[in-house]
Amino acid sequence: MFDFYWANIFSYLLVVSISIFFYLKKRFQYWANKNVPHVKPKSLLFGSYLDLMLGRISFQEFHATLYKQLSPHPFGGYYFFQTPLLLVRDPELIKHVLSLDFDAFSDRHIDADGSEPLRMNLFNLRGDQWKLMREKLTPAFTPAKIRLMVDLMKECADDLVSVLEKPAETGADVFITDLISRYGADVISTCAVGFRSNTLVDPNETFRKMILEIVNPNFAHKFRSSLLAMSPKLCIWLKIRNLVPPPVKYFISLVDENIKYREKSNVQRNDFIDLLIALKRDEEAANAKDPNRTGKIDISVEHLAAQCFAFFLAGYSSQSILGSALMELARNPKVQNKLRAEIDDYVQKENGNITYDTLNEMKYLEKVIFEAIRSYPGQPVLLRHCTRHYKIPQTDVIIEKGTTVFLPRYGLNHDEAYFERPDTFDPEHFSAEAKANRHPYAYLLFGDGPRKCLGMRFGVMNMKLALTKLLMNYEFSMSPKMKFPLTYSSNKIITHIVGGIWLRCKKRSQQ
Ligand code: HEM
């Protein structure tokens, strides 16, 4: 009787295991059945993501390897757990995905529902909601608006210069990664959230603590993020939140207080909060005129705070590029000297005054910044969600609705076919001649098409200002603490150099 019982259980488990095995095997036939070149999954459970899930490689290395494995094919498949994903490698096809056939790829894959207010931001919004919000927010990033914000940025850049005075005197090693992230918190708090956090002066300031809770997630948070990436719908159904509640509450109340204060006092600071107030006012007036009109947008404080949150996250995470630019300048004294000569020239011409126009005229400065974004893009891939069945031009392959498509930002940027000596930091990769000879979609510094980076002018202007102020005052060199070749953290989606960036600096008058 006992043996019969266990024999039954055993056969039952055997049948279930064999069925699961064959089910998974069948799932992994997806790309082969479509005759699409693909990378064979390494594990039945994790698909192509085994090494990444076990922390053996970084997100950037994973995508760089994938890009090479699928060479020379214009596109190819792989698997996130059992879900088929497509990597598009060919610049001409990338142009179709980002621009020409935008209607089929208008969304990113992340689902955002109302349950997590801060996730209802421009980055995650879909379809018409995204289109309306993008239209409304675009005026915040015109050259005229950025010109007005330069004064706010300048105050933070001056603090950055002051903080370096002491280590420049003593010759101490400077932890650039930390310094630049504090600078980022100050610029973004003052331009996007409407108050100056002063994190450069006081690293333990509340705003910074809250930021660190968001950008340095603990294990539980990482687990939630993976689950969210795997199955957004399941997370919505189970009410699993991606963001930790305390910083979310803190952020919403900051934006709420600022909006209320400004509305009451009529104070204007020429920042994003001013724009959100104008947007709210226009929507309220239009709703009063015609309550049933189409094209309404949600102007609740949560929804407005979500837009600030997107600017905050995008601005804060892109600061790492500024740190990498400084590291490469320290490593390449010729480039540093050439850039300083250009800066000196312009600053002298303008009698020491740094303006929006001066910064825009410095061509070598721009090349250095673009080269830093190319070399250390932060986000190694772009992604799009296929919103309708799509036939890949000049092939019989159909990308099914719902498929996630990745575009290899890092892979293209480091491909010899597009960049001579791609692993060398050389601002001439962005000379007029080099750019003219390269396919415009073979480097995706800011993405492209209707969903390209909205804050590009703001981000570049901020880096231009910081580098100009720093090089006017200091000369940078490598610290012995800095180890090459660089290694990258395996548990961060935004590329992070293990150990961070350490440099030394000295005041220019001391030379
Ligand atoms: C110079 C530094 C920056 C770089 C290299 C950068 C790069 C990017 C990239 C690659 C994308 C994805 C584009 C795509 O999918 O086609 C993006 C999107 C975006 N970026 Fe930036 N970014 C930077 C700074 C900023 C800043 C400072 C802000 C805001 C203040 C910002 C706001 C955004 C927003 C809102 C989106 C989503 C746009 C949409 O979906 O409509 N970015 N950025």
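1. Start with the largest nonpolar core of this predicted model. This core has 118 residues, and C308 and A325 are the ones that touch the most other members. Helix α15, which runs over residues 301–331, gives the core its largest share, 17 residues. As background, nonpolar side chains in soluble globular proteins tend to be buried together.

2. A325 is a good place to zoom in. Setting aside neighbours within four places in sequence, A325 is in contact with V368, I369, A372, M463 and L467. If you click on A325 in the viewer, those are the partners to look for, M463 and L467 among them.

3. Next, the ligand. The shell around the ligand has 25 residues, and those that come nearest are A314, G447, C453, G455 and G459. Two elements, α15 and α21 (456–473), each give two or more residues to this shell. The largest share, six residues, comes from α15. So what is the make-up of the shell around the ligand by class? It has 15 nonpolar, six polar and four charged residues. Helix α15 is worth keeping in mind here: it gives the largest share of the nonpolar core and also the largest share of the ligand shell.

4. C453 deserves its own point. It is one of the residues that come nearest the ligand, and an unreviewed UniProt entry carries the annotation "binding site" at C453. You will find C453 in the loop between α20 (432–436) and α21. Is C453 buried or exposed? Neither label fits: C453 counts as partly exposed because it has 17 C-beta neighbours inside 10 Å, and a residue is called buried at 20 or more and exposed at 12 or fewer. Leaving out neighbours within four places in sequence, C453 is in contact with F446 and G447. G447 is also among the residues that come nearest the ligand.

5. Now to the start of the chain. The unreviewed UniProt entry puts a "transmembrane region" at residues 6–24. In the model, the span 6–24 is 100% helix and 0% strand, and its end C-alpha atoms lie 27 Å apart.

6. F430 is another loop residue to check. It sits between α19 and α20, yet F430 is buried, because 22 other C-beta atoms lie within 10 Å. Not counting residues up to four places away in sequence, F430 touches K367, F370, E371 and K435. Which C-alpha atom is separated from that of F430 by 9.8 Å, though 56 residues away along the chain? That of R374.

7. Two cis peptide bonds are easy to miss on a quick look. One runs from S71 to P72, with omega near 5 degrees; P72 lies in the loop between α4 (59–69) and β1 (75–80). Another runs from F484 to P485, with omega near -5 degrees. P485 is in the loop between β8 (474–478) and β9 (502–507).

8. I'd also look at two residues with positive phi that are not glycine. N266 has phi near 60 degrees and is found in the loop between α13 (245–265) and α14 (272–289). N266 is exposed because just 6 other C-beta atoms lie within 10 Å. R421 has a positive phi of about 45 degrees, and its place is in the loop between α19 (409–413) and α20. With 9 C-beta neighbours inside 10 Å, R421 counts as exposed too.

9. Last, the overall picture. The protein chain has 21 helices and nine strands. Its radius of gyration is 25 Å, close to the 24 Å that the globule rule gives for 511 residues, so the chain is as compact as a globular protein of that length. Along its principal axes, the C-alpha trace spans about 90 × 60 × 55 Å. Of the 511 residues, 38% count as buried. Among contacts with a separation of 6 or more, 70% are between residues 24 or more positions apart.

Conventions:
Residues are numbered from 1 along each chain as its sequence is written. This is a predicted model: local features need pLDDT of at least 70, side-chain atom pairs count only at pLDDT 80 or more; totals for chains, interfaces and linings use all residues. A nonpolar core is a set of buried Ala, Val, Leu, Ile, Met, Phe, Trp, Tyr and Cys residues joined through C-beta atoms within 7 Å. Helices (H or I, at least four residues) and strands (E, at least two) are DSSP runs, numbered from the N terminus. Two residues are in contact if their C-beta atoms, placed from the backbone, lie within 7 Å. UniProt positions are given in the numbering used here, feature names are shortened, and annotations may be inferred rather than shown by experiment. A residue is near a molecule or strand if its C-beta atom, placed from the backbone, lies within 6 Å of it. Ala, Val, Leu, Ile, Met, Phe, Trp, Tyr, Cys and Pro count as nonpolar, Asp, Glu, Lys and Arg as charged, and the others, Gly among them, as polar. The radius of gyration is taken over C-alpha atoms; the globule rule is 2.2 Å times the number of residues to the power 0.38.
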